Amino acid sequence: RVEWVFTDIVREWYYQVEVTDITVDGVSLDVDCIEFNRPAAFVDSGTTNIIVPTKVYYYLYTAIETYTNLQSTMEADTLKSFMSRDTFLCLDDKTAVFALFPELTFTIAFNDSAAF
């Protein structure tokens, strides 16, 4: 279930927003929010890609890796193998892949008014 919130669009010709935090399984990356927005943060509803600045990528990757190392199931072993690039996640049950990953939450600056 998704809770919808509104955010101000920094530039209307892009869906540029301000990211204030990213959490992995409820744990903040604890990165200064300016790092999330260098040079800018955009929302692209047409893709499933997540692109973050290099510094944030390493924090995010480390947090996901830490999460997988704390898991003790066979599925966690599959995810650990994927994270180390030893295997691909080509499972018969395509929806099962999503259950392997921790919940990622991107927090954006928001207000209670309509966006644009």
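User: How much relative accessible area does R38 have?
Analyst: This is a predicted model: local features need pLDDT of at least 70, side-chain atom pairs count only at pLDDT 80 or more, and totals for chains, interfaces and linings use all residues. Residues are numbered from 1 along each chain as its sequence is written, and side-chain values use heavy atoms, leaving out hydrogens and water. R38 is partly exposed (buried means under 20% relative accessible area, exposed over 50%, partly exposed in between; 1.4 Å probe, protein chains only). Its relative accessible area is 46%.

User: Which residues are joined into one network by salt bridges that share partners?
Analyst: A salt bridge puts a side-chain nitrogen of Lys or Arg within 4 Å of a carboxyl oxygen of Asp or Glu. E35 pairs this way with R38, their closest N and O atoms being 3.3 Å apart, while K55 bridges to E35 at 3.7 Å. Shared partners make one network of E35, R38 and K55.

User: Is E35 buried or exposed?
Analyst: Let's look at its accessibility. The relative value for E35 is 14%, so E35 counts as buried.

User: How far apart are the end C-alpha atoms of helix α2?
Analyst: Helices here are DSSP runs (H or I, at least four residues; strands are E, at least two), numbered from the N terminus. Helix α2 covers residues 54-70, 17 residues in total. The expected span, 1.5 Å times one less than the number of residues, is 24 Å for α2. The model agrees, with the end C-alpha atoms apart by 25 Å.
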